[in-house]
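Me: Please take a close look at one part of this model and describe how it sits among its surroundings. I would like the cut-offs behind each term as you go.

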Amino acid sequence: MAIGPTFEESLPKALLRMIHPSFKEFAPEMPVGKATPKNLEAAVEVPSSNRIYAIAKALEDGYSVDQIHQLLTSIDKWFLHKLQYIMGLMKDMKSFTW
């Protein structure tokens, strides 16, 4: 099975399934059995296997890429913009009715 030609396609396959097999997508919810952190900024700031979910939650809650980069993580903005794009796609897809 190929990983995928784009970061947006590769992220769920390569990263998130390795972190926690119960998760199939980049989402602002924690994996099964993990509590949502009470201090979101601390969860984003401290590197851990759940940090990516905290970043998704921060993006959903309105944190900007600049805020996450400058104040909390120093993660390269390229990656943060890609994560923000994925969150936007998810929001758009939830607005459709099937």
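Reply: **Helix α4 and what surrounds it**

The buried residues of α4 are V65, I68, L72 and T73, where buried means under 20% relative accessible area, exposed means over 50% and partly exposed lies in between (1.4 Å probe, protein chains only). Seen down the axis of α4, these buried residues fall within an arc of 95 degrees, so they line one face of the helix; the arc is that of the directions from the helix axis to the C-beta atoms. The face turned away from this buried side carries Q70 and L71, which are exposed. Helices (H or I, at least four residues) and strands (E, at least two) are taken as DSSP runs and numbered from the N terminus.

The model is a predicted one, in which local features need pLDDT of at least 70 and side-chain atom pairs count only at pLDDT 80 or more, while totals for chains, interfaces and linings use all residues. Residues are numbered from 1 along each chain as its sequence is written, and side-chain values use heavy atoms, with hydrogens and water left out.

What lies over the buried face? The cover of the buried residues of α4 includes α2, α3 and α5, a contact being heavy atoms within 4.5 Å. In soluble globular proteins, nonpolar side chains tend to be buried together. Here the largest nonpolar core has 21 residues, and those with the most contacts inside it are V44, I55, L59, I68, L80 and L83; such a core is a set of buried Ala, Val, Leu, Ile, Met, Phe, Trp, Tyr and Cys residues joined through side-chain atoms within 4.5 Å. The elements that give two or more residues to this core are α2 (40-45), α3 (51-60), α4 (65-73) and α5 (77-94), and the largest share, seven residues, comes from α3. V44 ties several of these parts to α4: leaving aside residues up to four places away in sequence, V44 touches R51, A54, I55, A58, I68, L72 and T73, and of these I68, L72 and T73 are among the buried residues of α4.

Side chains of opposite charge can pair when their charged atoms come close. In helix α4, D66 forms a salt bridge with K77, the closest N and O atoms being 2.7 Å apart; the term denotes a side-chain nitrogen of Lys or Arg within 4 Å of a carboxyl oxygen of Asp or Glu. This pair links distant parts of the chain, since D66 belongs to helix α4 and K77 to helix α5, 11 residues apart. D66 counts as partly exposed at 37% relative accessibility, and K77 is also partly exposed, at 30%. With residues up to four places away in sequence not counted, D66 touches L71 and K77. The C-alpha atoms of D66 and H81, which are 15 residues apart along the chain, are separated by 9.5 Å.

Just after α4, S74 takes a positive phi of about 65 degrees. Most residues other than glycine have a negative phi, and most peptide bonds are trans. S74 lies in the loop between α4 and α5, and at 58% relative accessibility S74 counts as exposed.

The D66–K77 pair can be set beside the remaining charged pairs, as a search of the whole structure finds three salt bridges. The side chains of K57 and E60 meet in one of them (3.4 Å, N to O), and being three residues apart in helix α3, K57 and E60 are separated by about one helical turn. K57 also meets D61 through their side chains (3.3 Å, N to O), and K57, E60 and D61 are thereby linked in a network of salt bridges. These residues are partly exposed, with relative accessibilities of 24% for K57, 44% for E60 and 43% for D61.
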